[in-house]
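Colleague: I'm new to this one. Could you walk me through it and tell me how you know each thing?

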Amino acid sequence: MKDLTVVRTVADLRHAVGEFRAAGRTIGMIPTMGALHEGHTSLVQGALDRGDVPVASIFVNPTQFGPNEDFAAYPRDEAGDFAKLEAAGCRIAYAPGVEEMYPGPQLTTVTVAGLTDGLCGPFRPGHFQGVATVVCKFLIMAMPDRGYFGEKDYQQLQVLKRMAHDLAMPIEIIGMPTIREPDGLAISSRNRYLSPQERKIAIAMYRELTALAANVRDGRTPCAKAAAESAQALLAAGFDKVEYFDVVDAESLAPIERVAGPARIAAAARLGRTRLIDNVAV
Ligand code: AMP
């Protein structure tokens, strides 16, 4: 690697970041679980656009996976990831092992209440605590000026914004737009699980999200009823199970019955063995 420094320990990460700081640079952190795609590299570009030195982490975090989720099967391609990061202009890749992130029993966790009650919360118990805790650790390890996260995981983004706010972290949490395939499917590391047939069905999610957004934006259409119809449409298109299809306040994530301000429509559904999530603004 010519322009990308790969580090595996907190000490080496701090040293590498410190050299850029000493040169007067600001730091932008991009936490990822690897299996990188254009969604991730758009976050690196977001950091570059703001003049930050991009620092990405690659860590498949065991504490954010449930016992029946895909932790062991989660795609891993470290060499490919480093090449993509370097090509995108990233300067530091932090790829710690589990021992470096969790040396011994961990008695401290970060829980963001309220924002995690709905949407993915009930379907992934412990998930957001795992995410908030590991991201909190990454931010303390690198001490960036800004952290870059995708709107693709909208609930996660709101949780992390609130964490940074509530804990008075001197770090700005930046939300970046969802990068999509030409047909609208949100790019995700999990899309590779889809069979060619499922891949065709998958576009129904973005289609139904945008259709519902257009439908409820007038502020008169009752959201719950319209969203229930969207969920039915997903099943009719070939999805196996809809976990939720909700219209929520864009910040509090509380369900809303009529759109009166910034809102978000978010959905999670199962297609074969793949769980897909996506969301759009209203
Ligand atoms: P992950 O590796 O899935 O944990 O994602 C790492 C970061 O990339 C998170 O902030 C995600 O929200 C973001 N991300 C994932 N997919 C996309 C996408 N299609 N567009 C924009 N950001 C994304």
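Modeller: Sure, starting with a term: a polar contact is a pair of N or O atoms within 3.5 Å; within protein, one must be able to donate a hydrogen and the other to accept it, and residues adjacent in sequence count only if both atoms are side-chain atoms. Bear in mind that this is a predicted model, where local features need pLDDT of at least 70, side-chain atom pairs count only at pLDDT 80 or more, and totals for chains, interfaces and linings use all residues. Residues are numbered from 1 along each chain as its sequence is written, and side-chain values use heavy atoms, with hydrogens and water left out.

Colleague: What makes the pair between Met-33 and the ligand a polar contact?

Modeller: A backbone N or O atom of Met-33 lies 2.9 Å from a ligand oxygen atom, and the limit is 3.5 Å, so the pair counts. Gly-150 does likewise, with a backbone N or O atom 2.9 Å from an oxygen atom of the ligand. At Ile-187, a polar backbone atom is 2.8 Å from a nitrogen atom of the ligand.

Colleague: How much of the ligand does the protein bury?

Modeller: Taken alone, the ligand exposes 490 Å², and 92% of that is buried by the protein. Those areas come from the Shrake-Rupley method with a 1.4 Å probe.

Colleague: Which elements give two or more residues to the shell around the ligand?

Modeller: They are β2 (26–32), α2 (38–49) and β5 (146–150). The largest share, three residues, comes from α2. Helices (H or I, at least four residues) and strands (E, at least two) are DSSP runs, numbered from the N terminus.

Colleague: How many residues surround the ligand?

Modeller: There are 17, and Met-33, His-40, Asp-153, Ile-179 and Ile-187 are the closest. To be near, a residue needs a heavy atom within 4 Å.

Colleague: Why do β1 and β6 count as edges?

Modeller: The open sheet has six strands in the order β1-β4-β3-β2-β5-β6, with parallel pairing. β1 (5–7) and β6 (172–176) each have a single partner strand, so one side of each lacks a neighbour in the sheet. The twist averages 25° from one strand to the next.

Colleague: What makes β1 and β4 a pair?

Modeller: Pairing takes at least two DSSP bridges between two strands. Three bridges join β1 to β4 (residues 92–94), running parallel, so they pass the test. Within this pair, Val-6 stands opposite Ala-93 in β4.

Colleague: What is the strand order in the antiparallel sheet?

Modeller: Three strands form that open sheet, in the order β7-β8-β9. β7 (241–249) and β9 (274–281) are at its edges, because each has a single partner strand. Strand β8 (residues 263–271) pairs with β9 over eight bridges, and Arg-264 stands opposite Ala-281 in β9.

Methods
Axes are lines fitted to C-alpha atoms, for helices over the stretch in contact, and angles run from 0 to 180 degrees between N-to-C directions.
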